Amino acid sequence: MDKSSTGLGLETELRLGLPGVGEVEKNDKKRAFCDISGGAAAAGAGNNKNQVVGWPPVCAYRRKNSFNGVKMYVKVSMDGAPFLRKIDLSSHKGYSDLLMALEQLFGCYGIDAKNDEKGWNAEEALEDADKCEYVPIYEDKDTDWMLLGDVPWEMFVESCKRLRIMKRSDAKGAKDLLKALAAKEDYSSSLSN
Amino acid sequence: MAYSFPEEVLEHVFSFLSSDRDRNAVSLVCKSWYEIERWCRRRVFIGNCYAVSPDIVIRRFPEVRALEMKGKPHFADFNLVPEGWGAYVHPWIRAMSEAYPLLEEIKLKRMVVTDESLELIARSFKNFKVLVLSSCEGFTTDGLASIAANCRNLRELDLRESEVEDLSGHWLSHFPDNCTSLVSLNMSCLGSEVSFSALERLVARCPNLRTLRLNRAVPLEKLPNLLHRAPQLVELGTGAYSADIRSDIFSNLAEAFSVCKQLKGLSGFWDVVPAFLPAMYSVCSGITSLNLSYATIQSPDLVKLVSQCRNLQRLWVLDYIEDSGLEALAASCKDLQELRVFPSDPFGAEPNVALTEQGLVSVSEGCPKLQSVLYFCRQMSNAALVTIARNRPEMIRFRLCIIEPQAPDYLTLEPLDTGFGAIVENCKELRRLSMTGLLTDKVFEYIGNHAKKLEMLSIAFAGDSDLGLHHVLSGCKSLRKLEIRDCPFGDKALLANAAKLETMRSLWMSSCSVSFGACKLLGQKMPRLNVEVIDERGPPDSRPESCPVEKLYVYRTVAERRADMPGFVWMMDGDKALAFS
């Protein structure tokens with residue numbers, strides 16, 4: 001996947017990767033989850049199969065009907081909501097689909113800035129970034145809290161145990177986590193240069 | 001000459017020609033044969049819905065009774081084609097509802113079908129008989145209800161692998177009481193439970209029912225009720241194959257199976273409880289097709305079942321069968337023609353089952369009629385591939401997926417060029433090939449030199465340079481479909497072989513190195529190709545021309561530019577202004 005800078009100040013390239021990696025700093029916070037809904041292929045430098053979309057080539061119907069049985073209901077909690085809900089991950093096709101369903105479930109709009117039938121548009125998503133009030137995170141098999149969108153959808157469905165919709169303003173911990181992660185990436189990439 | 005036979009005689013002669021190729025050849029003989037043939041063509045197959053427009057088809061073939069059409073490219077199955085790309089069937093249905101009132105059959109694959117389309121079909125075609133929706137999406141069970149309610153002579157309703165919004169199971173109850181014409185019903189992709197009594201009554205009143213594929217929600221204990229009402233069944237897809245382990249359930253099931261003397265094909269088998277497998281042993285000797293690819297049962301149970309199926313021709317199974325199970329298969333099933341082994345844990349880092357290249361080698365040795373293979377595994381060697389190639393020179397379809405991209409020969413750590421080279425060199429009838437593992441440009445040289453009958457080639461994470469692509473495009477005379485992902489193929493080979501693309505149905509390239517500039521050039525040079533740049537990063541001209549596009553889909557077409565492109569698809573026309581309006 002092309003990672004070369006376009007020479008513009010604004011990096012509009014979308015990929016599935018940690019925010020802040022090789023990106024202009026000011027985009028860190030805004031890109032936190034607004035680019036989750038994109039889903040561009042991430043063939044990338046390391047051909048680690050865990051990072052690759054649509055691999056191995058098992059067709060969508062088969063994936064949906066095998067692996068972990070029929071339904072994959074997980075609890076969803078939302079900061080400030082009096083009770084939790086449950087959502088069936090296996091009935092969604094991808095991150096955008098899921099985020100839209102979460103918005104409808106909690107009757108709030110602001111988890112996913114993009115709601116555009118015409119497809120993802122980098123400029124619009126970045127403009128709307130400030131409207132994103134919430135950060136969707138999930139607990140994985142190792143009981144770590146992860147940001148949605150880093151891994152291919154199928155992998156996410158396999159490893160997600162529960163979801164949480166964290167209020168951005170309350171997500172100081174998450175922000176710090178993201179900053180720390182970004183700093184770590186910058187550090188290790190600076191080491192390899 | 002053309003005038004020596006009256007039209008009716010020629011028409012009668014042509015009626016014996018069912019193959020499209022033959023009919024196309026006939027229509028090229030002379031103008032009058034063209035005219036006669038076009039008026040009596042009843043079946044049309046359109047491999048790419050955007051290659052032609054409804055108007056063109058209707059104008060040329062005014063008396064069509066059956067349409068078969070495909071939409072999205074194959075890689076859409078792996079989520080590589082973004083949602084909203086296209087392949088909408090509605091314009092076709094609208095046009096045909098006026099032009100073909102006598103239409104009887106519609107078979108679609110990878111297309112977007114809406115309830116509106118289904119309702120229009122149900123209303124427009126009084127003699128509608130066959131609806132097959134394979135890997136389609138966009139409709140709900142309400143659309144199915146319209147079909148059930150209105151198509152008086154419905155013979156086939158087959159929803160294989162489609163994604164249906166399941167509002168309720170009530171649609172099935174819309175088949176009227178006087179509907180007795182069903183021959184084939186495949187509802188296996190649906191989630192909701194249908195009214196069992198409605199299903200029972202439907203099955204009972206359709207004496208010609210040959211194929212019944214149930215959905216998961218139909219409980220095993222009730223299966224005997226259906227089998228008793230349809231002992232003439234040839235193909236059965238069970239629902240969930242599990243129940244409380246009770247002897248009465250078992251004996252009822254066994255008895256019901258024993259009544260079905262015509263059964264040749266079995267599928268379904270979700271949630272299998274192995275204890276119930278012996279209930280079907282009585283039919284095994286007649287079974288020629290067995291789809292156990294959703295059955296999470298272990299090798300010993302699989303072996304017990306499969307070794308009873310001495311006449312098996314087609315087996316789809318999970319890799320739980322393991323090498324030992326495949327060896328047993330090779331020993332028992334000498335008529336085996338097609339084997340598909342799917343991965344039980346494709347995303348796991350480590351192998352979870354003892355399935356290696358050896359299993360496939362055993363089958364290639366033991367099954368003299370083996371001609372079609374789809375095999376997922378985690379290791380492969382050149383030696384194994386060479387053995388397989390030598391054992392089975394009549395192989396027609398060979399699709400190998402080694403789960404780790406660019407995995408080398410695990411014994412020698414070399415690329416698998418030699419192995420796949422042996423496949424194309426020995427298997428002169430090979431029509432379809434999918435390759436994985438570590439592969440250099442060399443393998444493409446072998447393919448270009450030897451794979452003269454190859455029609456479809458799928459490549460991933462392979463090759464070193466444009467030379468690889470050039471070998472394929474310049475050497476494979478019969479190539480119709482080429483799909484490539486994550487390969488370092490760029491502009492040179494593509495542009496040098498532009499003319500070849502007009503002889504093919506389509507070319508797909510994603511995550512390769514084809515620049516936007518080259519795409520534009522290709523679009524300009526080749527007006528009879530649609531060159532679609534699919535890019536979710538925004539307009540390609542907001543980046544340098546040398547920047548590679550995310551995805552490229554090129555296909556020949558005689559239709560006008562399509563009017564239904566979403567915001568992330570750009571058509572590379574000769575006129576640049578048009579392309580970006």
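1. Two strands are taken to pair if DSSP finds at least two bridges between them. This term is needed for the strands of chain B discussed below. The structure is a predicted model, and the points of this note should be read accordingly.

2. In chain B, strand β1 (residues 43-46) and strand β2 (residues 66-70) run parallel and are joined by four bridges. Within this pairing, B:F45 has B:E68 of β2(B) opposite to it. The connection from β1(B) to β2(B) passes through helix α4 (residues 54-60) of chain B, and the resulting β-α-β crossover is right-handed.

3. Strand β2(B) also pairs with strand β3 (residues 105-109) of chain B, again in the parallel sense, and five bridges link the two. Here B:A66 is placed opposite B:E105, a residue of β3(B). Together with helix α5 (residues 90-99) of chain B, the strands β2(B) and β3(B) form a β-α-β unit, which is right-handed.

4. Strand β1 of chain B also deserves attention in connection with a pocket. The second largest pocket has a volume of about 1200 Å³. It is lined by 25 residues, of which B:N24, B:F45, B:I46, B:G47 and B:R556 lie closest to its centre. Two or more lining residues come from each of the elements α2 (20-27), β1 and α4 of chain B. B:F45 therefore appears twice in this account: opposite B:E68 in the strand pairing, and among the residues closest to the pocket centre.5. Is B:M572 buried or exposed? This residue sits in the loop between β23 (569-571) and α21 (576-579) of chain B. B:M572 counts as buried because its relative accessible area is 3%, and buried means under 20%.

6. The surroundings of B:M572 include residues from elsewhere in the sequence. Leaving aside residues up to four places away in sequence, B:M572 touches B:F516, B:C519, B:K520, B:G523, B:V531 and B:V533. B:L522 is 50 residues from B:M572 in sequence, yet their C-alpha atoms are 7.7 Å apart in space.

7. Chain A may be described in overall terms. It contains six helices and five strands, arranged along the sequence in the pattern α-α-β-β-α-α-β-β-α-β-α. Chain A has 193 residues, and 49% of them count as buried.

8. Two further values concern chain A. Taking contacts between residues at least 6 apart in sequence, 57% join residues at least 24 apart. The exposed area of chain A is about 9600 Å², with carbon and sulfur atoms supplying 50% of it.

Notes:
Residues are numbered from 1 along each chain as its sequence is written. Chains are lettered from A and ligands numbered from 1 in the order in which they are written. This is a predicted model: local features need pLDDT of at least 70, side-chain atom pairs count only at pLDDT 80 or more; totals for chains, interfaces and linings use all residues. Side-chain values use heavy atoms; hydrogens and water are left out. Buried means under 20% relative accessible area, exposed over 50%, partly exposed in between (1.4 Å probe, protein chains only). Contact means heavy atoms within 4.5 Å. Accessible areas come from the Shrake-Rupley method with a 1.4 Å probe; for residues, only the protein chains shown count as cover. A crossover is right-handed if, with the strands pointing away from the viewer, the path from the first strand over the helix to the second runs clockwise. On a 1 Å grid over the protein atoms alone, a cavity is a set of points where a 1.4 Å probe fits but cannot get out, and a pocket is an open set with protein on both sides within 12 Å along at least five of seven lines; lining residues have an atom within 4 Å of a point. Grid points are joined across faces, edges and corners, and a volume is the space filled by probe spheres set on the points.
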